[in-house]
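Got the viewer open? Let's walk through this one stop at a time, selecting as we go.

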Amino acid sequence: MREPAIDRLIGWFETSARDLPWRAPDRTGWGVLVSEIMLQQTPVARVLPIWQEWLERWPAPSALAAASQGEVLRAWGKLGYPRRALRLHAAAGVIAAEHGDVVPSDVDTLLALPGIGAYTARAVAAFAYGRRAPVVDTNVRRVVARAVHGAGDAGPPSTTRDLADVEAFLPADEPRAAKLSAALMELGALVCTARTPRCAVCPVHDDCAWQHAGRPEYTGPAKAVQKFAGTDRQVRGLLLDVLRGTEGPVEKARLDLVWSQSGQRDRCLDSLLVDGLVEQTSDGLFALPGEH
DNA sequence: TACGCGTGGCC
DNA sequence: TGGCCAAGCGT
């Protein structure tokens with residue numbers, strides 16, 4: 001990506017970026033981290049109200065760490081992938097105990113925390129602390145595939161290659177690099193979208209390799225769209241929903257109502273126990289962890 | 001590298 | 001209607 005295009009993209013971001021609370025001037029590393037975990041595979045609109053509740057209720061990592069896992073899972077609500085909530089809870093405990101209750105700014109330190117991978121570590125370093133780090137999510141992969149490589153969409157992900165792709169044009173200046181990282185994501189979210197990209201309003205239209213190539217269709221391997229209906233994921237979600245909606249421990253008969261196939265039902269309940277999302281009480285009832 | 005992991009809105 | 005999509009991670 002050429003320097004003028006980077007300039008225009010940053011300029012566009014400064015005038016057109018969404019006014020999200022985790023981007024406010026008074027944001028904290030903790031607020032940014034919570035947002036990044038919640039936003040993994042979950043749309044902004046659904047994250048917003050839950051993020052507000054969490055930051056009011058648990059304004060620092062130590063506050064979240066002091067809550068029970070069950071409380072955390074209830075507060076997570078229906079954001080999906082509730083294992084993220086347990087990992088964030090665990091990460092908060094490590095941050096409170098080993099990092100002075102301050103979210104680390106160093107990528108490698110962040111990577112060592114549970115639930116924080118290649119994307120989230122760099123997103124926190126860049127967005128909370130202004131560090132220079134290639135922040136590559138699905139939006140950035142798509143923008144780079146089009147604007148830089150002239151392809152219709154990104155191929156299968158490869159962390160090493162994806163990071164190198166962005167590193168290659170990331171400005172040396174730290175705050176500018178951080179701003180560009182945010183701008184690339186925002187462009188992918190608002191303009192260079194998966195379906196129906198809004199090329200007419202794109203700030204890098206004139207520099208886009210995909211435009212110059214005549215906007216060819218994506219030709220790579222078909223992306224596997226995962227099923228949901230009838231899968232263990234659906235059944236686990238139904239089981240957890242019963243426990244979230246109930247005050248105390250429940251009998252297994254209550255859980256049996258959510259799915260007719262007993263084999264799949266029991267397998268899913270077992271897997272929830274293994275994952276630590278459900279616990280069994282001494283008298284054989286089932287509950288969210290730490291709530292009995 | 002491929003897969004499993006929740007949930008809901010959109011066209 | 002139902003496939004597609006949404007700021008990934010861990011194994």
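In which helix is Ser35 found? Select Ser35 and you land in helix α2; helices here are DSSP runs of H or I with at least four residues, strands are runs of E with at least two, and both are numbered from the N terminus. Ser35 is buried, at 0% relative accessibility. (Buried means under 20% relative accessible area, exposed over 50%, and partly exposed in between, with a 1.4 Å probe and protein chains only.)

Some housekeeping before moving on. This is a predicted model, where local features need pLDDT of at least 70 and side-chain atom pairs count only at pLDDT 80 or more, while totals for chains, interfaces and linings use all residues. Residues are numbered from 1 along each chain as its sequence is written, chains are lettered from A and ligands numbered from 1 in the order in which they are written, and side-chain values use heavy atoms, with hydrogens and water left out.

**Around Ser35**

Show the contacts of Ser35, leaving out residues up to four places away in sequence: Ser35 touches Trp22 and Trp51. Contact here means heavy atoms within 4.5 Å. Now keep those two tryptophans on screen. Trp22 and Trp51 make an edge-to-face aromatic pair, 5.5 Å centre to centre with 70° between the planes. (Rings of Phe, Tyr and Trp, the last by its six-membered ring, pair if their centres lie within 6.5 Å; planes under 30 degrees apart are stacked, over 60 edge-to-face, and the rest tilted.) Trp22 is in the loop between α1 (3-16) and α2 (29-38) and Trp51 is in helix α3 (residues 44-57), so this pair ties together parts that are 29 residues apart in sequence. Trp22 is buried at 7% relative accessible area, and Trp51 is buried at 7% too.

**The tryptophan cluster**

Next, select Trp54 and Trp58. Their rings are also edge-to-face, 4.9 Å centre to centre and 85° between the planes. Trp54 is buried, with a relative accessible area of 2%, and Trp58 is buried at 5%. Add Trp76 to the selection: ring pairs link Trp54, Trp58 and Trp76 into a cluster. The aromatic pair count comes to three.

**Into the core**

Which residues have the most contacts inside the largest nonpolar core? Pick Trp30, Leu33, Met38, Trp54, Phe127 and Leu187, in a core of 83 residues. A nonpolar core is a set of buried Ala, Val, Leu, Ile, Met, Phe, Trp, Tyr and Cys residues joined through side-chain atoms within 4.5 Å. In soluble globular proteins, nonpolar side chains tend to be buried together.

Zoom in on Trp30. Leaving aside neighbours within four places in sequence, Trp30 is in contact with Leu55, Trp58, Pro59, Ala60, Pro61, Leu64, Leu88, Ala92 and Val103.

**Charges over rings**

Jump to Trp210: Arg146 lies over its face, 4.8 Å from the ring centre. Then try Tyr218, where the charged end of Lys223 sits over the ring, 5.5 Å from its centre. (A charge sits over a ring if NZ of Lys or CZ of Arg is within 6 Å of the ring centre and within 35 degrees of the ring normal.)

**The DNA side**

Bring up DNA strand B. Sixteen residues are around it, and Pro82, Phe228, Arg233, Arg236 and Gly237 come nearest; to be near, a residue needs a heavy atom within 4 Å of the strand. Sugar and phosphate account for 57% of the strand B atoms that come within 4 Å of the protein. Colour helix α13 (residues 232-244), which gives the most to the surface near strand B, with five residues.

Now look at some individual N or O atoms in side chains:

- Thr42: 2.8 Å from a base nitrogen of DNA strand B.
- Gln226: 3.0 Å from a base nitrogen of DNA strand B.
- Arg83: 3.1 Å from a sugar or linking oxygen of DNA strand B.

**Two backbone oddities**

Most residues other than glycine have a negative phi, and most peptide bonds are trans. Gln41, in the loop between α2 and α3, has a positive phi of about 70° although it is not a glycine. Gln41 is exposed, at 66% relative accessibility. Thr196, in the loop between α11 (174-190) and α12 (209-212), has a positive phi of about 50° and is exposed at 68%.

**Zoom out**

Finish with all of chain A: 15 helices and two strands, with C-alpha atoms filling a box of roughly 65 × 45 × 30 Å along the principal axes. Buried residues make up 46% of its 292 residues.

Methods
Polar contact = N/O pair within 3.5 Å; in protein donor to acceptor, adjacent residues only side chain to side chain.
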